[in-house]
Amino acid sequence: MARRALPTTAAAFATAAALLLTACGGGDDSSSDDIKGADSGSSSPSASASSAAPGVKRPVIKLPSSFQLTFANWTSSDPVEQAVLNDGKEQLRAGYEAIIENDPDSKDRAFYDTKNGFLQSQQWIRTYTDKNLTVIGKLPVFDPKVTLSKDKAAASLSYCTDESKASTKNRKTGEVKGNPAGTDPEVLYVISMGKNAQGVWQAVSAHSERGGCAQ
């Protein structure tokens, strides 16, 4: 797997924005909107994810067919990098599950976050739940890159998403909204991750940049 030259320590991401918050007016200086999107349709974690830390009981994350989150080229020949990819994928899926289930206190999402990371996640989730919004459509996740610290105890995971076919839906009115015209649909995310005592890679913090995938 090719790697970007990214910082690798948790401290390097102390000022990062809440995950996937660019579209909700927080943490980034990109354009504001209310969109984000979806999973592969699977109702359970992948086999690779569950085997990343043997003996650890992972949450069963369920996403409806109305929200299709897909992951392209989510593999690495390096087993440590693959473990980061596996847990990073499930962390993202758990976040959308929390939005769809209207649950900012999601235990599934908390499983894949550090304490501080989960505080960021809750802020992101509430940008939807406080507005009575859920997510629908398709959200491809692609171009993953993993950079490990020298001791392999910390990592940064970057990836891109394409929001062009993802929308929000108001739970009460049924109103559906996508990105405003002229908004770049691709967003770059860089996630700081650390491995806990059980061997699970958890998100410490995240930074997002709309249009950053073209760099």
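I started with a single pair: the bridge partner of Y159 in β6 is Y189. I should jot down now that this is a predicted model.

**Around β3**

I followed β6 along next, and found that this strand, residues 186-195, pairs with β3 in the antiparallel sense over 9 bridges. Then I looked at β2, which also pairs with β3 in the antiparallel sense, here over 6 bridges. One pair I noted there is L148, standing opposite A155 of β3. The hairpin of β2 and β3 has 5 residues between the strands, and K152 takes a positive phi near 60° in it.

Is β3 mostly covered or mostly open? I checked residues 154-162, and 9 of the 9 are buried, so mostly covered by the under 20% cut-off. I reminded myself that side chains in a regular strand alternate between the two faces of the sheet. I looked at each face of β3 in turn: A154, S156, S158, C160 and D162 are buried on one side, and A155, L157, Y159 and T161 are buried on the other.

**Over to α4**

I checked the length of helix α4, residues 115-129. Its 15 residues at 1.5 Å a residue should span 21 Å, and the end C-alpha atoms are 20 Å apart, which agrees.

Which residues of α4 are buried? I listed G117, F118, Q120, S121, Q122, W124, I125, T127, Y128 and T129. Then I looked for what covers them: α2 (79-100) and α3 (107-111) are among the helices I found, and the cover also includes β2 (133-148), β4 (166-170) and β7 (201-210). So I met β2 twice, as a pairing partner of β3 and as part of the cover over α4.

Notes:
Residues numbered from 1 in each chain as written. Predicted model: local features only at pLDDT ≥ 70, side-chain atom pairs only at ≥ 80, totals over all residues. Heavy atoms only, no water. Helix = DSSP H or I, 4+ residues; strand = E, 2+ residues; numbered from the N terminus. Expected span 1.5 Å × (residues − 1). Buried < 20%, exposed > 50% of the residue type's maximum accessible area, 1.4 Å probe, protein only. Contact = heavy atoms within 4.5 Å. Pairing = 2+ DSSP bridges.
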